[in-house]
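Here's an informal walk through one model, written to be read with the structure open beside you.

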Amino acid sequence: MPSLIIDGKEIAAEPGEKILWAALRSGIHIPHLCAMESADLPFGGCRLCLVEVEVGGRREMVTACSEPVREKMKVYAHTEKIERMRRTAFELIMSDHLIDCKNCPKRKDCELIRTASSLKMTLQPKNLRSLVRDLSIDDSHPLFAYDPRKCVKCGKCVLTCQGLGKSLLNFAYRGFEMVVTTFDHLPLASSGCESCLECVKVCPTGALYLKETGGRRDG
Ligand code: SF4
Ligand code: SF4
Ligand code: FES
């Protein structure tokens, strides 16, 4: 079983395991929003899991969710530089997120709130203005709804739907315009959705939510 050293602490890892999962299993917290242990290919979009690794006497920055463990590798997960970059990544994510916790169905179990707390930040970006787009809630499905203004483009719903062999959800457009949507932008109720609700379970924010848990219908 390979071992690695994170912030001076030696921990064990499974062969081929990514740094992130080895760290979390050993009780070392590394922020992460888009990683899914079950996914073959990490999405690598949020950049919150950045760490430094020592390679040939130099330090390189990698995402812990995509970098496999190597025997005796040295990882630095909480340097000043890393913390600064994570804070910038989180501000970018939050600049395109509708912060409305009071009315949000995820307010008691929100990954963004946990991440802000672990980074010792507020949800509201301090250095970036809000770029939340004027997008409408899809309220068409009887059981769940989708509020794209709360989507952080983590890709978990897309990967989960694909993993179940359905692929009804996908990303459309690129860059700032990117959204999660259905084929041909059909309403969820007409998309062929089989109501397994697995996408709702993996969504880390209030973007996909069960209607019975509340949430505004003002989109
Ligand atoms: S997802 Fe909901 S609870 Fe979480 S930060 Fe956004 S508005 Fe607040
Ligand atoms: S809807 Fe939720 S799970 Fe899907 S990409 Fe957006 S935040 Fe991630
Ligand atoms: S958790 Fe690694 S890039 Fe998002």
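What follows goes from the ligand shell to a buried lysine, then to the cores and a few backbone oddities.

First, the ground rules: this is a predicted model, where local features need pLDDT of at least 70, side-chain atom pairs count only at pLDDT 80 or more, and totals for chains, interfaces and linings use all residues. Residues are numbered from 1 along each chain as its sequence is written, chains are lettered from A and ligands numbered from 1 in the order in which they are written, and side-chain values use heavy atoms, with hydrogens and water left out.

**Around ligand 2 and helix α4**

Start at ligand 2, which has 13 residues around it, the closest being C151, C154, G155, C157 and C203; to be near, a residue needs a heavy atom within 4 Å. The shell splits into 10 nonpolar, two polar and one charged residue. In that split, Ala, Val, Leu, Ile, Met, Phe, Trp, Tyr, Cys and Pro count as nonpolar, Asp, Glu, Lys and Arg as charged, and the others, Gly among them, as polar.

Now take K156, which sits in helix α4 (residues 156-163). Helices (H or I, at least four residues) and strands (E, at least two) are DSSP runs, numbered from the N terminus. What does K156 have for a salt bridge? None: K156 is buried, and the nearest side chain of opposite charge, E111, is 6.2 Å away. A salt bridge would need a side-chain nitrogen of Lys or Arg within 4 Å of a carboxyl oxygen of Asp or Glu, with Lys and Arg counted as positive, Asp and Glu as negative, and His and the chain ends not counted. Buried means under 20% relative accessible area, exposed over 50%, and partly exposed in between (1.4 Å probe, protein chains only).

Leaving out residues up to four places away in sequence, K156 touches L33, C34, A35, M36, V202 and P204; contact means heavy atoms within 4.5 Å. The buried residues of α4 are K156, C157, V158, T160 and C161, and their cover includes β7 (169-172), β8 (179-182), α5 (198-202) and β9 (208-210).

**The cores**

The largest nonpolar core has 22 residues, of which L4, I6, I19, I30, V51 and V75 touch the most other members. Elements giving two or more residues to this core are β1 (3-6), α1 (19-25) and β3 (50-55), and α1 gives the most, with five. A second, separate core of 16 residues includes L33, C34, C46 and F90. A core here is a set of buried Ala, Val, Leu, Ile, Met, Phe, Trp, Tyr and Cys residues joined through side-chain atoms within 4.5 Å.

Beyond four places in sequence, I30 is in contact with residues including L20, V51, A77 and R86. R86 belongs to helix α2 (residues 80-95) and counts as buried because its relative accessible area is 0%. Past its sequence neighbours within four places, R86 also has contacts that include P31, L48, H78 and L119.

**Backbone oddities**

Just after α4, G165 takes a positive phi of about 80 degrees. Two residues other than glycine have positive phi as well:

| Residue | Phi | Loop | Relative accessible area |
|---|---|---|---|
| R47 | near 65 degrees | between α1 and β3 | 41%, partly exposed |
| S195 | near 60 degrees | between β8 and α5 | 31%, partly exposed |
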